[in-house]
Each structure stands twice: as structure tokens, then as C-alpha cells.
Amino acid sequence: MYVRTTPRKNKDGSVVRYLQLAHNTWDPVAKRSRAEVIFNFGREDAVSRAALERLAGSLSRFLASAPAPQATLFAAAAESFKFEGSRPLGGSFVLDGLWRRLGIDAVMRRLLTGKRRDGSAERVLFALVAGRALAPSSKLAAARWASEDVHIAGLPQTTDDACYRAMDWLLEIQGALEREVFHQVASLLTLEVDLLFFDTTSTYFELDEADEPIARDEHGRALAPDDGEQQAARLAGFRSYGHSKDHRGDLPQVVVGMAVTREGIPVRVWSWPGNTSDSALIRQVKEDLRDWTLSRIVWVADRGFASEQNRRFLRRGDEHYILAEKLRSGSAEARAALGRAGRYQEVAAGLRVKEVRISEGERFVVCHNPQGAERDAAVRTRLLARLSDMIEGSDRLSVTKRAELRGVISTKPGLARFLRTTPGGLLRVDEAAIKAEEKLDGKYLLRSSDPSLSAADIALGYKQLWQIERGWRDMKQVIDLRPVYHRREDRIRAHVVLCWLALLLVRVMETTCEESWPSLRRELEKLQLGSFQGPAGTFRQRTEITASQRAILAKLQLAEPPRLQEITPAAAAS
């Protein structure tokens, strides 16, 4: 790299010289070296040589391990620089490095080619994703955060309008983006995609009324007004009332689904209207992943997806399943499995399993957790004590008052299953129900179609379902899926995708560094980027990298950020 001068002759015959910072690059087509201009300083006569010397001296003082001669000459110049402030650098730098290492930036730019967008669309989307991981807030606040409170490489500032436009583009490329990003991550981390865990959650909105119902297809997507399928479509608002997993059935909600690998890496997310039933969703998920050319898969899901129709669908394409069965459903399979005698086999973490043969096509595994049995017994003891207090003295109540009390208890499922009403209308604790519940303490029942898995593998495979529960917890408490500051359906869907991308980066970092994201974030955000200004120009300098930060960068295979950035001489700044 060197400074060169370029002359230009004016009409009056005078010659003006310009100063440029340049370096030589090899041109493979012309097969020769050519000069490439990095920065134009302007006219030589307009450039303050003294200012450039002061800047060169101060920079050499920072760069050299031992004071250089020019640093000694211009040491006084360093004292003239004014510290203007600093911004967090570590978190955004590492997230951006991982974003690029996973190829998400290249995938986005390629998918957005040819669409009407500004050149900063990929950078804006990264800023929104980084914001979910570092400082979750509304899109208006996220635009201010990216412009004023953090350093995002390649994005000096943005606006809320740019954020909304970028979210619209994100929805246009969502399907292709999810597929390509997954394959990039699977290749980089050598993921085992033999088990895929699927579950749903809901997130509510502080609204007085649900959205107006509109026609939707079987996947919950809105149909166009002139679509011929509207006659057979179901009507539903996107934010509508349904079974709330947050126990807020009084508020409209949307349903969100997620599939994760056994390592906890989120594969993809889906969004449905709030009144969508869980049962059929896993069929759509399997259909959506059909073109992903995944290897042999065993689907793992909870009790809400264990219908016979779902089981038949999951068996297509030589794929298998591990599904939980409802113990209290009264089904013939549950009664037969629990009624079979046999010895339990000890597996990891104190879990005991016992396989029972009921049918030829499916395998049933009874799992027993002694610690879970103790918890179930303790919970039942508290419930029975509360129930006894509620019905104590109820024999002296009138028939009407007793009926009202029975109605109150019926709204509390934990208490209602232990309540018995005598032929005379008196309220009693049901001893038979207690004995039946005692037999279920610490137990759960699994059914699987895979003949190659051992009973222990089936039990441990299902036990890993906690990975998706952990994903929901982090999505809601770390990434802040809620509150959702949007009312339009497309923006809500895009918001969910942004949260998925943030969770993906977070989970890859946690898996690689073997440390929680809040702990990593706390350490990384100590790395700051300071801004300095003086007569010689402006520049930014990062703080010293700690041993912990250096270890994180090494594990993620990321280079350290440059010590000095955005160097602008005074003449260029003016």
C-alpha cells in the first residue's frame, strides 16, 4: 500500500496534483499488475501535510509495539485527539462473523438479486436479527439502536421504513432461505438429522378484539379474494382466540411451530392462525420438509400429535416416529401397556424403561422416572389437601350451594379428577381415583414405529424433546418473541422468522462454545469501539480483547476485529 500522486493539466496550462492511497492487484485477464485506488485525499495543495503527519504519528503509536521514530516525533498529536464516545462491538461483531461464516449473507444477497430493493437490505436484516439477540425491541427502536447504539459493519444508519421493507423482502425469500441456511449449518456443524423434534407454542397480543376472519387454505395462508378455493376454505383471523399455552385464553394469539435437531439447532419455523389445532400441523411440517433431501428421519413429538392419521402420514417415505401416548386417555393401548408385567431396565439419569408388545406394527415403551414419581406424589398431596379444605363442611350447605361449589371445583382439572359425588349429592375425595393416579406416578408411555431402535434409544430420544422446550423458553425470554409490535399478518410472520434466525445464531454459538448465550453476550459486550476526533482527522479504536473474548473468537474460528477502523484524515473529513 502506498501514496501516489496523479497530475491533471488545466485549460490555463497549470498542473494540479491529487494524492491517493493505492495498492497493486493482479489482473488475471490482462495478466499484469494494476493500481487500485483505496482512498482519494484530494488536491495536494489543499491537503495539510502537517495534519497527515500528525495522524500518521498517532496511528503508528497505536500500531507499533515499540515507539517508532515518527511516533516519537508526533507524540504530542495523540494528546490532541478528543474521545467522543463508544459503542458495543463484541456481540454484533461475533454475530456478524457467524452470519457470514454460515453463508447467510451470501444466500440473502443471491435470493434478493433482481428484486426491487436497496443495496443495504441484507445489512438491515442482519441488524434486525442481531437486535433480537442483543437488545430486542420494536422495529422503530431497533432502527435507532442500529444507527446510534451499536456498531453494525456496513450499516452506518438505517430507518424504520428500511426495516419494514427488509421484512417484506424476507417473506418473499423465506422458503428458499430456510432450506439453504439449514444445509449450510448442517454441513458446517456436521449435524445429525436422524431425529427431528417438532412442537408448537402460542404467543398472545394485548388486543380487545381478534382479527376479522378471512378465507384461508389448509396451511393457514390467506387466500386472494378472487381465488376459486375460497368457497371450500375455512374462515379465520390470524390473531384469533384459541388454546393458549401461555394460559391467556382471554387474548387473541397466533400459533408458532418449530422443528429442531437433537443438538437443539432450530431447522425451521411456521406461523398459523391462533385457533389452529395442533393435531394436523405435523403433517404440513413433514410435507414442507419433503424437498429438503434429508436422510432417514425419526419424528419426535408430544401427545398432541399422536393421532392415528398423523402416525400413518409420518410413516410415508420410510420415515418413523417416537410419539408420547396419553396415559389417562383410556385407550386400549394405554390400558394394555400399563397392565403388562415385566422388569424395568435401568438407563441414563435414573430413567427406567420397559418394552411391552401389544401390536405387530408398533412398539410401546413404558418409562418410569423415580424422581418424577416423587414430584407427582408431592403435587397430589398438595392438591388433595386443598380439595379437602374446599369441601370440608360442605355437607351442611344447601343443595344449591353445594352444586355451586362442585361447579367451581370442576373448573380446576387438577382438583376435579379427585372429586366424587355421592348418590345423595355429597362431595367426597375419590379414593379410587387416588389409587389409580398412584400407579401413574413418574410414568409416561411412548410408541414408536422404528424396529431398529432399542427401548432405551426410544426413551432417550423422546427425552431430548426438552431441546425444543428450551428453544421456546429462549425464544420467549431471551429473543423476546413477545410483545409483537405489529398488527399486519405479513409483518407478524416476518417477525417470527427474524426470531428464528436470531435463535439459530445463538444456538450455534452455544453449541460451539459450550456456554449459555446470556453469559457469552455479557462477556462480548464488554468489547467496545471508541470514536476519536482531532485536528489530524477521525478514527475508531476498539478496546483491548480479553482472554475470555479471545477464547470465544477462537472456538468460533473468527479473526479478531481490527484495532483501528474508519480512519479519516482531516482534509477528507472536511
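In this predicted model, the largest cavity is lined by Leu128, Gly131, Arg132, Ala135, Pro136, Ser137, Ser138, Lys139, Ala142 and Trp145. The elements that contribute two or more residues to this lining are α6 (121-134) and α7 (139-149). The volume of the largest cavity is about 50 Å³, and its lining is made up of 5 nonpolar, 3 polar and 2 charged residues. In total, 2 cavities of 30 Å³ or more are counted.

The second largest cavity holds about 40 Å³ of space. Its lining consists of Val181, Phe182, Val185, Leu191, Ile265, Pro266, Val267, Trp500 and Leu504. Two or more of these residues come from each of α9 (174-189), β9 (266-273) and α19 (489-513), and the largest share, 3 residues, belongs to α9. By class, the lining of the second largest cavity has 9 nonpolar residues, with no polar and no charged ones.

The helix α9 can be described further. It has 16 residues and reaches 22 Å from its first C-alpha to its last, close to the 22 Å expected at 1.5 Å a residue. Gln174, Leu177, Glu178, Val181, Phe182, Val185 and Ala186 are the buried residues of α9. Viewed down the helix axis, these buried residues fall within an arc of 155°, and therefore they line one face of α9. They pack against α5 (104-111), α8 (160-172), β9 and α19. Of these packing partners, β9 and α19 also give two or more residues each to the lining of the second largest cavity. Likewise, Val181, Phe182 and Val185 are among the buried residues of α9 and appear in that cavity lining. Just after α9, Thr190 adopts a positive phi of about 45°.

The model also contains pockets, of which the largest has a volume of about 730 Å³. It is lined by 24 residues, and those nearest its centre are Arg303, Arg328, Asp376, Leu440 and Lys443. The elements giving two or more residues to this lining are β11 (320-325), α13 (370-391) and β17 (443-448). The largest share of the pocket lining, 6 residues, comes from α13. By class, the lining of the largest pocket divides into 8 nonpolar, 4 polar and 12 charged residues.

The composition of the three linings is set out below.

| Lining | Nonpolar | Polar | Charged |
|---|---|---|---|
| Largest cavity | 5 residues | 3 residues | 2 residues |
| Second largest cavity | 9 residues | no residues | no residues |
| Largest pocket | 8 residues | 4 residues | 12 residues |

Key:
Residues are numbered from 1 along each chain as its sequence is written. This is a predicted model: local features need pLDDT of at least 70, side-chain atom pairs count only at pLDDT 80 or more; totals for chains, interfaces and linings use all residues. Side-chain values use heavy atoms; hydrogens and water are left out. On a 1 Å grid over the protein atoms alone, a cavity is a set of points where a 1.4 Å probe fits but cannot get out, and a pocket is an open set with protein on both sides within 12 Å along at least five of seven lines; lining residues have an atom within 4 Å of a point. Grid points are joined across faces, edges and corners, and a volume is the space filled by probe spheres set on the points. Helices (H or I, at least four residues) and strands (E, at least two) are DSSP runs, numbered from the N terminus. Ala, Val, Leu, Ile, Met, Phe, Trp, Tyr, Cys and Pro count as nonpolar, Asp, Glu, Lys and Arg as charged, and the others, Gly among them, as polar. The expected span of a helix is 1.5 Å times one less than its number of residues. Buried means under 20% relative accessible area, exposed over 50%, partly exposed in between (1.4 Å probe, protein chains only). The arc is that of the directions from the helix axis to the C-beta atoms. Contact means heavy atoms within 4.5 Å.
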